[in-house]
Structures are given as structure tokens and as C-alpha cells.
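These are my notebook entries on a structure that I had not looked at before. I wrote them down in the order in which I looked things up.

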Number of protein chains: 2
Amino acid sequence: MGVSKTQLFTEAQNEVAAVAKVLGHPARVAILQYISRQEGCICNDIVDEIGLAQPTISQHLNEIKKLGLIKGNFEGKTICYCIDTERWQRLQELFKNFFGKINSHCC
Amino acid sequence: MGVSKTQLFTEAQNEVAAVAKVLGHPARVAILQYISRQEGCICNDIVDEIGLAQPTISQHLNEIKKLGLIKGNFEGKTICYCIDTERWQRLQELFKNFFGKINSHCC
DNA sequence: TTATTTAATCGTAATATTGCAATATTAAAA
DNA sequence: TTTTAATATTGCAATATTACGATTAAATAA
């Protein structure tokens with residue numbers, strides 16, 4: 001059916017999965033890394049940096065934005081993207097917690 | 001096209017994405033958590049625990065296995081699953097690193 | 001051997017994702 | 001106002017994912 005049955009899972013499980021899903025594409029990983037590498041705000045060098053078409057990048061940026069990971073400030077006719085550090089740290093914590101709680105008791 | 005252009009990205013970026021993709025479904029998050037909660041090896045209570053059909057769980061388990069995160073030992077007619085702790089720790093490190101390197105320099 | 005039980009695989013339907021060309025929107029620049 | 005440049009949106013094709021019923025495979029139990 002291609003539909004995740006989210007109602008079967010806890011809110012926490014759905015949240016981890018939702019974040020992981022966004023990180024689950026190399027273009028989005030690359031976009032986040034590129035944005036964070038820039039000294040100041042960057043605009044649309046992302047398209048040149050990564051070899052994907054502009055609409056494709058725009059779509060990926062939108063996925064990242066929906067998670068609240070990117071703040072975009074208008075600057076003339078371009079938009080300046082940067083990481084929302086607070087949000088990023090919250091997600092970092094979420095994953096740290098998730099990873100930390102998984103242990104093996106056997107084998 | 002529905003195909004990720006993996007050749008555009010670094011191996012590290014593709015690896016982070018591949019792992020995140022597997023964690024990007026709440027059923028797989030729930031399965032990992034459930035397996036890790038068990039004292040010893042568990043078998044197919046997962047199907048009862050989570051409300052998905054047996055073939056669906058089997059598919060999700062397979063995705064997790066492909067990442068090397070689960071070791072399955074035969075035990076009679078059942079299979080005993082458990083987390084591969086070493087592998088898990090490696091991926092934990094990978095994510096810790098990824099999260100840690102993202103910073104904001106602006107806004 | 002013949003059930004029975006457990007887990008994997010097959011086949012398939014529904015839906016989601018990825019990617020891009022074409023187009024629209026928005027704001028500065030001329 | 002008209003042009004130019006940057007980004008978003010639309011529409012669509014190709015492919016992937018999610019889910020499950022039916023079936024198969026493999027091992028124990030009767």
C-alpha cells in the first residue's frame with residue numbers, strides 16, 4: 001500500500017523516523033554539510049556545488065525546511081539559508097538518545 | 001526519475017544517507033527498540049508486538065539486516081534476533097560525527 | 001510420514017520519492 | 001516599465017517503498 005501505518009507507533013518512534021527519513025538522501029546530507037561549511041549565509045551555489053537541477057535542490061531544501069532545520073532569510077532577490085542551530089541540537093540529542101538506548105543482551 | 005544519483009555524492013554522504021534511510025521508518029525504529037529491550041534473543045513476538053503482518057515485518061527485518069545491524073541465529077525452528085553491538089556502535093559514531101560537524105555561522 | 005509452526009519469498013496493489021523541463025513568482029537592476 | 005536573476009511551483013515520468021495475501025521452505029512434533 002505504500003503508506004506507513006504511523007498510528008501503530010509512538011510519537012517518539014515516528015519523530016526519529018521522520019528526521020531519519022529527511023537525512024536518508026545523500027543530496028540532503030550534502031546540502032546540510034555545504035550550508036554549514038559556509039562562513040556566512042549562502043544562496044544558490046548549492047545548485048552548482050551539487051550536480052542536481054535547481055527544482056530538485058529546491059525540493060530537497062523544502063524537505064529540510066519542513067523539519068525546521070533551515071532558516072531562510074531574504075537578502076535582495078536571493079534567499080540566505082542557514083542551519084537552525086537550536087533545532088539541530090535538539091535533533092542531535094534525539095538521535096544520541098535513540099542510539100544510546102539500544103543495547104544487545106544476547107548472542 | 002525516482003533514482004538517487006549516488007555518484008554525485010561522497011561515500012561518507014551516501015553511507016549516512018543509507019543508514020538514515022533504514023532508520024527512516026517507524027516500524028524499523030520500533031523493531032530495533034524491541035529487540036534491544038529483550039533479555040535474551042527474541043523470535044517472532046515482533047509480529048505480535050507491532051501490529052504489522054508477518055511478511056511486512058520480515059521485509060523490515062531484512063532492511064535492517066542488510067545494514068548489518070542484526071545478527072540472526074537459528075534456534076530450532078525459530079530464528080533468534082539480536083543487535084550487532086559492534087556495528088551499532090560504529091553507526092552511532094558515524095552519526096555523532098555527522099551531527100557534530102554541522103554548525104551555523106550566520107543568522 | 002504427516003502435521004504443525006516459524007520465517008522467508010513471491011506477486012501485486014497502493015502510494016511515495018526522485019528528478020527535471022517548463023513555468024511562475026519575486027525582487028532588484030537597467 | 002522592462003529586463004534580469006534567483007527561487008518556487010507545477011506536471012509528469014521513472015522508480016522505490018510499504019503492506020499484505022498466498023505460497024514456500026525448513027525444522028520440530030506427533
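Entry one, a crossing between the chains. I looked up how helix 2 of chain A passes helix 1 of chain B, and I noted a right-handed crossing. This is a predicted model, so I treat each value here as computed from that prediction. The axes of helix 2 (residues 26-37) of chain A and helix 1 (residues 11-23) of chain B come within 8 Å, and they cross at roughly 120°. Angles of 65 to 115 degrees would count as roughly perpendicular, and helix 2 of chain A and helix 1 of chain B are therefore oblique to each other.

I then asked which residues meet in this crossing of helix 2 of chain A and helix 1 of chain B. From helix 2 of chain A I listed Pro26(A), Val29(A) and Ala30(A), which meet Gln13(B), Asn14(B), Val16(B) and Ala17(B) in helix 1 of chain B. Sorted by class, this contact has five nonpolar and two polar residues, and no charged ones.

Entry two, the crossing with the chains exchanged. I turned to helix 1 of chain A and helix 2 (residues 26-37) of chain B, which pack at an angle of about 120° with their axes 8 Å apart. Helix 1 of chain A and helix 2 of chain B are therefore oblique to each other, and helix 1 of chain A passes helix 2 of chain B in a right-handed crossing. Here Gln13(A), Asn14(A), Val16(A) and Ala17(A) in helix 1 of chain A meet Pro26(B), Val29(B) and Ala30(B) in helix 2 of chain B. I recorded five nonpolar, two polar and no charged residues for this contact.

Entry three, the whole contact. How many residues does the contact take from each chain? I found 42 residues from chain A and 42 residues from chain B. On the side of chain A that touches chain B, helix 1, helix 2, strand 1, strand 2 (78-83) and helix 5 (85-101) of chain A each supply at least two residues. Helix 1 of chain A gives the most to that side, with seven residues. By class, I wrote down 21 nonpolar, 17 polar and four charged residues for the side of chain A that touches chain B.

Entry four, chain A as a whole. I noted five helices and two strands in chain A, and from the N terminus on these elements run α-α-α-α-β-β-α. Of the 107 residues of chain A, 32% count as buried. Among contacts in chain A between residues at least 6 apart in sequence, 52% join residues at least 24 apart.

Entry five, a packing inside chain A. Helix 2 of chain A also packs with helix 4 (residues 54-66) of chain A, at an angle of about 75° and with the axes 10 Å apart. Helix 2 of chain A and helix 4 of chain A are therefore roughly perpendicular to each other. The contact is made by Ala27(A), Arg28(A), Ile31(A) and Leu32(A) of helix 2 together with His60(A), Leu61(A), Glu63(A) and Ile64(A) of helix 4. Its residues comprise five nonpolar, one polar and two charged.

Entry six, one residue and the confidence. I found Lys101(A) in helix 5 of chain A, and I asked whether Lys101(A) is buried or exposed. Lys101(A) is exposed, because 11 other C-beta atoms lie within 10 Å. Chain A averages a pLDDT of 89, with the lowest mean, 80, in strand 1 (residues 70-75) of chain A and the highest, 97, in helix 1 of chain A.

Key. Residues numbered from 1 in each chain as written. Chains lettered and ligands numbered in written order. Predicted model: local features only at pLDDT ≥ 70, side-chain atom pairs only at ≥ 80, totals over all residues. Axes fitted to C-alpha atoms, helices over the stretch in contact; angles between N-to-C directions. Parallel < 35°, antiparallel > 145°, perpendicular 65-115°, else oblique. Left-handed = near helix turned anticlockwise from the far one by under 90°. Contact = placed C-beta atoms within 7 Å. Nonpolar A, V, L, I, M, F, W, Y, C, P; charged D, E, K, R; others polar. pLDDT = per-residue confidence, 0-100. Buried ≥ 20, exposed ≤ 12 C-beta atoms within 10 Å, placed from the backbone.
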